[in-house]
Amino acid sequence: MRQEDVWDDDTARRYDTPGTGMFAPEVLGPTVDRLAELAGGGAALEFAVGTGRVAVPLAARGVPVSGIELSRPMVERLRTKVDEATVPVVIGDMATATAPGEFSLVYLVYNTISNLLAQSEQVACFRNAARHLAPGGRFVIELWVPELRKLPPGQEATVWSSEPGYIGLDTYDVLRQQVVSHHFRFDESTHARLFRSPHRYIWPAELDLMGQLAGFELESRHADWSGAEFTADSRSHVSVYRLPATS
């Protein structure tokens, strides 16, 4: 599966779920609050800006926001919300594409760095973030923690969500550090709709090393956007990396 094929017209059309899921106020509100704080009055750049779930409300808070996005259908959905002047977007790969300007904040939310399927591409993503940042600028990543502790010998999948009308499960290839997320949505009929996306999972310590290779230091790590303590049982983390204040 290529990322261009995953994030197609059909996926873009179904992506937004206003008021629920990752668009729920209790999810989106703390995300935007924290990013606005970290921007510190400067401009922000979102890698994989998508349909503008975060960029649009962040721009509405007065933070100048630009984006980089691989999927044209996702950007087309974004354009139904705001114009190019409000959230300018460069079409391209977040590991290599360049947006004009200098930023105090680059951010990459909702596990999206794992869409880069090779370690070298993920390292390149950190370096690309560093290229866009002013001295002292921050790179923020929201990422899930691989749930390999739930995999007994011989088992290759974990169910991470089960609720009425929806089942989410991940299948792991631990040799290549690859995972495919499967999202099954169904109703009372005998039919179900499946969406799959490939990922390369990253341990927090590996992520920190990627940051060091790009010149960052880890400034903070929390379990969520509200600042909960990150522990051995946390299922995800929000990690803030910072460049030195002087080059």
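User: Let's start with a pair of strands: how many bridges join β1 to strand β2?

Analyst: Bear in mind that this is a predicted model, where local features need pLDDT of at least 70 and side-chain atom pairs count only at pLDDT 80 or more, while totals for chains, interfaces and linings use all residues. Residues are numbered from 1 along each chain as its sequence is written, and side-chain values use heavy atoms, with hydrogens and water left out. Strands are DSSP runs of E with at least two residues and helices are runs of H or I with at least four, numbered from the N terminus; two strands pair if DSSP finds at least two bridges between them. Strand β2 takes in residues 65-69 and runs parallel to β1, and the number of bridges joining them is four.

User: Which residue in β2 stands opposite Leu45?

Analyst: Find strand β1 at residues 44-47, where Leu45 and Phe47 point one way and Ala44 and Glu46 the other, and all are buried. Buried means under 20% relative accessible area, exposed means over 50%, and partly exposed is in between (1.4 Å probe, protein chains only). Look across from Leu45 into β2 and you reach Ser66.

User: Which strands stand at the edges of the seven-stranded sheet?

Analyst: Seven strands make up this open sheet with mixed pairing, in the order β3-β2-β1-β4-β5-β11-β10. An edge strand has a single partner, so one side of it is left without a neighbour in the sheet. That is the situation for residues 89-91 and 217-222, in other words for β3 and β10.

User: What stands opposite Leu143 in β11?

Analyst: Strand β5 (residues 133-144) and strand β11 (residues 236-242) run antiparallel, with seven bridges between them. Follow Leu143 across to β11 and you land on His237.

User: How about the four-stranded sheet: what is the order of its strands?

Analyst: This one is an open sheet with antiparallel pairing. Residues 157-163 (β6) and 192-200 (β9) each have a single partner strand, so each is left with one side that has no neighbour in the sheet. Put the four strands in a row and the order is β6-β7-β8-β9.

User: In that sheet, what is the bridge partner of Gly168 in β8?

Analyst: Strand β7 spans residues 166-173 and strand β8 spans 178-186; they run antiparallel and eight bridges join them. Gly168 pairs with a residue of β8, and that partner is His183.

User: And how many bridges join β8 to β9?

Analyst: A hairpin connects β8 to β9 through five residues. One of the pairs to look for is Phe184 with its bridge partner Leu194 in β9. The two strands run antiparallel, and the number of bridges between them is nine.

User: Is Tyr166 buried or exposed?

Analyst: Tyr166 sits in strand β7. Measure from Ala99, C-alpha to C-alpha, and Tyr166 is 37 Å away in space, with their positions 67 residues apart in sequence. The relative accessible area of Tyr166 is 7%, so this residue counts as buried.

User: Where does Tyr110 lie, given its positive phi?

Analyst: Most residues other than glycine have a negative phi, and most peptide bonds are trans. Tyr110 has a phi near 55°, a positive value in a residue that is not glycine. With a relative accessible area of 39%, Tyr110 is partly exposed. Its place is the loop between β4 (103-108) and α6.

User: Is Gln177 buried or exposed?

Analyst: Gln177 is not a glycine, yet it has a positive phi of about 60°. You'll find Gln177 in the loop between β7 and β8. Its relative accessibility is 17%, so Gln177 counts as buried.

User: How far apart in space are Leu209 and Val123?

Analyst: Leu209 belongs to helix α7 (residues 204-213) and is partly exposed, with a relative accessible area of 47%. Val123 is in α6, where the buried residues include Val123 itself, Cys125, Phe126 and Ala129. The two are 86 residues apart in sequence, but from C-alpha to C-alpha the distance is 9.0 Å.
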